[in-house]
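The following points are offered for consideration alongside the sequence and the structure.

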Amino acid sequence: MIIFDRPGFPNPARIRIVLAHKGLESAVQFVSVDLIGAEHKTPAFLEKNPSGVLPVLQLDDGTYISEATAITEYLDNLDGEPALTGRTPKEKAVIHMMQRRAEAEVLDPVGIYFHHATPGLGPLLQVHKSPDWAGRKDWGERNGQRALAGMAAFDALLSRQDFLAGEHFSMPDITLYAGLMFADAAGLGVPDNLDHLIAWRGRVSDLPSVRERSGQEFGAEDLRRLGF
Ligand SMILES: N[C@@H](CCC(=O)N[C@@H](CS)C(=O)NCC(=O)O)C(=O)O
């Protein structure tokens, strides 16, 4: 299997955590795609994923699977023990619900904040994302506020349970963890009064599969190229 990604970026990090969690790292070959150079908007890459985003999994039979959720579901089911995406109908439904909520309320709005309220990944990509970003910061700012409200909602939930779908670590925890990592890197941050969210973040980063992956700073090398 091949994973097209960029080390240290939030959605690729989701899959790297899944691979570590499932003991599958040696089963894949990583191919790095230059996001700052907008390589993922070229016709060659769009053939792999018409949405023009990372990560993408290529199976040995040539099938391309994009969307971190779909890739996670595939990898999680390979060993017949899909603990990250759910084993019973109820587990699957609760995980799916929390997964969508983590993406819609935190990770995606942080991405919009990053690309619409800041220079994002620089001029070559802004042409595709938000060419007039400087005049449209309000859309980005509104999404930044939405992400902060989402974090507060998860803080309240985590005052009652250890992980997003209940008592066990699963896919939505990885999604929210990537969302907070992105919020830090985008300069939005995580409010320090959200004690339950911060304690949960500590629990997640202590898991071996996450600890191994969180050594990577968010796109450190790429952000240096942009002068951050
Ligand atoms: N919904 C997608 C989101 C993927 C995504 O936005 N990936 C980012 C990297 S963290 C990307 O490729 N950004 C470049 C762009 O939006 O042009 C997924 O779950 O895989």
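**Notes on helix packing and a buried loop residue**

1. Five residues of H3 are buried (under 20% relative accessible area, 1.4 Å probe, protein chains only): Ala68, Ile71, Thr72, Leu75 and Asp76. Viewed along the H3 axis, these residues fall within an arc of 125 degrees, so they line one face of the helix. The arc is taken from the directions from the helix axis to the C-beta atoms. Helices (H or I, at least four residues) and strands (E, at least two) are DSSP runs, numbered from the N terminus.

2. The model is predicted: local features need pLDDT of at least 70 and side-chain atom pairs pLDDT 80 or more, while totals for chains, interfaces and linings use all residues. Residues are numbered from 1 along each chain as its sequence is written, and side-chain values use heavy atoms, without hydrogens and water.

3. The buried residues of H3 pack against H1, strand E3 (56-58), strand E4 (64-66) and helix H7 (171-185); contact means heavy atoms within 4.5 Å.

4. Helix H1 (residues 10-21) packs with helix H3 (residues 68-77) at an angle of about 10 degrees, their axes being 10 Å apart. H1 is therefore roughly parallel to H3 (angles under 35 degrees). Axes are lines fitted to C-alpha atoms over the stretch in contact, and angles run from 0 to 180 degrees between N-to-C directions. H1 contributes Arg14, Ile15, Val18 and Leu19 to the contact, and H3 contributes Ala68, Thr69, Ile71, Thr72 and Leu75.

5. His40 lies in the loop between strand E2 (29-32) and helix H2 (43-46). His40 is buried, its relative accessible area being 3%.

Conventions:
Parallel < 35°, antiparallel > 145°, perpendicular 65-115°, else oblique. Buried < 20%, exposed > 50% of the residue type's maximum accessible area, 1.4 Å probe, protein only.
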